[in-house]
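Subject: Handover of a structure and summary of findings

Dear colleague,

Please find below the structure that I am passing on to you. I should be grateful if you would look through it alongside the notes that come after it.

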Amino acid sequence: MTISPTSNVGRNRHHRQGQLPRQQSDVADRSKSRRCSRIFVLIRILYARRRVLLLALLFFLAMWSMLFVYTQSTDAYQKVTDAAFYYEVLSKQQNNLPASREVVIPADVKVSVIIMNHGRPYMLKKSNLMPTLLAHNSIDQVMICHSNPKTKFDYDHPKVTHIDAIEANKKMGLSLRFHFCQEAKNPWIMIVDDDQEISSSAIDQLLSEFAANPKRIVGKFGRGYSFWSAPWRYGYNTKNIMGDVEVVLTKFMALERQLCHRFFEYSHLVSDLLPESKPLWNAEDIFMSLTANHVYNVPFSGPFNNYAMPLDVWEAPDAVYKDGDIEVDNVSGNLDRITWYNDGLQPYLTAYSKATTHTRYRGRLWYNAKRRLAALNVTATR
């Protein structure tokens, strides 16, 4: 059967074919109309709830302000803890700081010092750190571990030993200081960060206190742990604590050389956490202190054996020694040196984010490492 274009059947077919695009257009128009209606309704709802939204914005600003005040007050509190009068107050509260101790260093004691040079060579060369260390009679070796090819430098002195740690840094990160500590010629080791300045009296007091009991770690910067005091940081306490403490930071501390070997003996216990560390082996000082507690049979819940004390140690000022340093990606965010009103909101928020990530990881490693080390004791007694 042949259908003519002019027949009724043909006209109906062409009529239906012609109507199809208009039907699609109608559907699209209705869909667009519904979307516009939803947007309009949403706008009306937001407008009707404008007071609630304003209160929410004010609440957010208030919380941010409280956070800012807290960070600033924490920094102020940190400075107070370093003051001389706080030493007396804390000694009365904790009864674990001696009112005074005669500074006595055994005449035959010799100490090796470990320093990592990675991003602040200018500061290390120009601050008072190296001259003070080299002038001390009890120090006969200063080992500088150069972990960055861009910052390696020469320091000509008979007490100085330069170590090429560039390849070791790729495998060990911050723990390389403990690796090369095993090669030191003296059984007593002093570790100090490259951005610290110290007095000769601080070295005397540190070594005198350490000599009273070398079966522990002694330094200036102590840290405590309480999970529920700061659960967002896994309990890591960023405030400096004096007296008998669980952890002493590597900023300035003394320990036995044999602990450096024991550090790597147990390092496999936290190998699953290391991929999260930035840089590699961040929180190495926490694990070293926990290793010391394990080696020296310190009870799980204390009393703790490591010791932090007020010493004349301070951070070298950036304004004086910063020129010439590359300061590669700061580990902790450098929040204590950045303020939003001086450096801008974006740098401050970036630093705050880094600091939060840094402390959370340190708290997590502390929590897990302590329990895994304790499990070794349980296994050994079975």
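The notes below go through the sheet, the core, one helix residue and the cysteines in turn.

Please bear in mind throughout that this is a predicted model.

The sheet

The model contains an open sheet of 8 strands with mixed pairing, in the order β3-β2-β1-β4-β10-β6-β11-β8. Its edge strands are β3 (160-164) and β8 (243-245), each of which pairs on one side only. Helix α8 (residues 200-212) packs on this sheet, where it touches β1, β2 (139-146), β4, β6 (218-219), β10 (252-256) and β11 (306-308). The direction of α8 makes about 30 degrees with that of β10.

Strand β1 deserves a separate paragraph. β1 (residues 111-117) runs parallel to β4 (residues 188-192), and 4 bridges join the two. One residue pair to look up here is Val113, whose bridge partner in β4 is Met190. β1 is also parallel to β2, to which 7 bridges join it; in β2, His146 is the bridge partner of Asn117. As for burial, 7 of the 7 residues of β1 are buried. Val111, Val113, Ile115 and Asn117 point one way from the strand, while Ser112, Ile114 and Met116 point the other way, and all of them are buried.

The nonpolar core

In soluble globular proteins, nonpolar side chains tend to be buried together. In this model, the largest nonpolar core has 80 residues, and those with the most contacts inside it are Leu133, Met190 and Phe252. Helix α10 (residues 284-295) gives the most to this core, with 6 residues. Met190 thus appears twice in these notes, as a core residue and as the bridge partner of Val113.

Thr291 in helix α10

A polar residue of α10 may also be of interest: Thr291 has its place in this helix. Is Thr291 buried or exposed? Its relative accessible area is 0%, so Thr291 is buried, the cut-off being under 20%. A polar atom of the Thr291 side chain lies 2.8 Å from the backbone oxygen of Phe287. Leaving aside residues up to four places away in sequence, Thr291 touches Arg262, Phe263, Tyr266 and Leu373.

The cysteines

The count comes to 1 disulfide. A disulfide is a covalent bond between the sulfur atoms of two cysteines. Here, Cys181 is joined to Cys260, with an S to S distance of 2.1 Å. The link of Cys181 and Cys260 is right-handed, with 85 degrees about the S-S bond. Cys181 lies in helix α7 (residues 176-181) and Cys260 in helix α9 (residues 258-266), so the pair ties together parts that are 79 residues apart in sequence. Cys181 counts as buried, at 0% relative accessibility, and Cys260 counts as buried at 0% relative accessibility.

Cys145, by contrast, is in no disulfide. The nearest cysteine sulfur to that of Cys145 belongs to Cys181 and is 9.5 Å away, whereas a disulfide requires sulfur atoms within 2.5 Å. Cys145 is buried, with a relative accessible area of 0%.

With kind regards

How values were computed. Residues numbered from 1 in each chain as written. Predicted model: local features only at pLDDT ≥ 70, side-chain atom pairs only at ≥ 80, totals over all residues. Heavy atoms only, no water. Core = buried A, V, L, I, M, F, W, Y, C linked by side-chain atoms within 4.5 Å. Buried < 20%, exposed > 50% of the residue type's maximum accessible area, 1.4 Å probe, protein only. Pairing = 2+ DSSP bridges. Contact = heavy atoms within 4.5 Å. Axes fitted to C-alpha atoms, helices over the stretch in contact; angles between N-to-C directions. Polar contact = N/O pair within 3.5 Å; in protein donor to acceptor, adjacent residues only side chain to side chain.
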